[in-house]
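Student: I should like to learn how to read the features of a protein model. May we begin with a sheet, and then turn to helix packing and pockets?

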Amino acid sequence: MRALAFDVGGTSVRGAVVGPDDVVLAESRVATRTGPAVLGDIARMGEELLAGLSPAARAEVSGVGVAFPGLVDTESGISRRAVNLGLVDTPVAAPLAERLGLPVTVVHDTAAAAGAIWADAGSPASALVAVLGTGVAAVTYVEGRAVVGVSGQAGELGHLVVDPAGPPCVCGRRGCVEARAGARAMLERYAALGGDTSDTSDAGITGVAELVVRAEHDGLAAEVWSEAITALADGFLAVGALLAPGEIILGGGIAEAGGALLDPLQARMHERAGVTAVPPVRLSSLGGRAGLVGAARLALAPTENRA
Ligand SMILES: [Zn+2]
C-alpha cells in the first residue's frame, strides 16, 4: 500500500509518494501560491508523481492525504479558513479526488505532523510535540490522547506572547513565540538587523538551516537564532508550568538543526525555569518530513472521512 501525500506549508507545497514504513519513494516541491491556484498546483504535482511510477507501483497507490493549514473540516474535506492561503470555505478533497481518481483525506497540518512525530516516538502517554517551521505549533498528549480542546484547534504554541514589546506577529499581536522562532520571522529579523536574505548574493541566506550554520561566525545570525531559542524556551516553560508534560519532542523543518537547536534550548530552559520543572527534550527523527508522513498514514487509515 502506498499513498500520495502533500504538506501545504507557508513557504512550499511538498508532495511525495510514501510507501510502507514511511519510506518516501518520490518527492517534489513547489513554492506555495495563494488562492485556488494552490489546489491546481497540488493536483498537477500529484499527476506528475503518479506518472513517474511504474504501472505496478502506481496500482499500489490507494489514497491521497493532504496536510492543510488553518481550519480544516476533515469530514467534508473543506478548508474552512486558511488565512495565509487566502481561502475560505473552499472544497479541497472533492476537486483533488476528481483530478487524481483516488480517495482524498484532508487533515490539519499540525495534527498530521504531530501525530506522526508522536507515533514515531513510541506514543508516549504524556508529551508535548512541537512542530517548528514557518509556523510554530504543538499538540499536547495527556494519558495517551491528543488534547484538541472544544475548538479542535488547541496547541497554538506559536501565539503565546513571550515578549509583549517584541516584534509584530502575523496574528496581530506582538512578541508571540512564532514572531521570534518561526522560520519566516527569523529571516525577516535577520534582514532587519542588516543581514542579507537575498538568494543572489554570496552573503545572502535563504533558509533557517543556513542561518544556523552562519550563527557560528556571524553575530547577526547568532543573535536571531538566540532570540528564537529564548522564545521557544519561554513558550515551552509556560506550557510546562500549566501541564507538566513528561517530555518535549521537537519536529518540523527547524528541528533538523539538531544539536544546534537542542543543546542551547535545553540550557536556556534550565536557566529560565524558575520553579517550573524542565522536562526532557528530544528531537524527532522525522524532521521536516513529519507532515508528509502523517498525511500518508491518514490516507492509508480506515476509510472514514474521505471524499
Ligand atoms: Zn501571534
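Tutor: Please note that this is a predicted model. Let us begin with the sheet: five strands make up an open sheet, ordered 3-2-1-4-8, with mixed pairing. Strand 3 (24-31) and strand 8 (104-108) are its edge strands, each pairing on one side only. From one strand to the next, the twist averages 15°.

Student: How many bridges join strand 1 to strand 2?

Tutor: Six bridges link strand 1 (residues 2-8) with strand 2 (residues 12-18), and the two run antiparallel. Within this pairing, Phe6 stands opposite Gly15 of strand 2.

Student: Which strands does helix 3 lie across?

Tutor: Helix 3 (residues 93-100) lies across strand 1, strand 4 (61-68) and strand 8, and runs at about 145° to strand 8.

Student: At what angle do helix 6 and helix 8 pack?

Tutor: Helix 6 (residues 183-192) packs with helix 8 at about 145°, their axes being 9 Å apart. Their crossing is right-handed. Met186, Arg189 and Tyr190 of helix 6 meet residues of helix 8 including Leu220, Val224 and Trp225. The contact comprises seven nonpolar, no polar and three charged residues.

Student: How is empty space found, and what lines the second largest pocket?

Tutor: Rolling a probe the size of a water molecule over the atoms reveals where empty space remains. Here, the second largest pocket holds about 240 Å³ of space. Its lining has 13 residues, of which Thr140, Gly155, Glu156, Val239 and Leu243 are the closest to the centre. Helix 8 supplies the largest share of this lining, four residues. By class, the lining has 10 nonpolar, two polar and one charged residues.

Methods:
Residues numbered from 1 in each chain as written. Predicted model: local features only at pLDDT ≥ 70, side-chain atom pairs only at ≥ 80, totals over all residues. Heavy atoms only, no water. 1 Å grid on protein atoms, 1.4 Å probe; cavity = no way out; pocket = protein on both sides within 12 Å on 5 of 7 lines; lining within 4 Å. Points joined across faces, edges and corners; volume = space filled by probe spheres on them. Nonpolar A, V, L, I, M, F, W, Y, C, P; charged D, E, K, R; others polar. Axes fitted to C-alpha atoms, helices over the stretch in contact; angles between N-to-C directions. Left-handed = near helix turned anticlockwise from the far one by under 90°. Contact = heavy atoms within 4.5 Å. Pairing = 2+ DSSP bridges.
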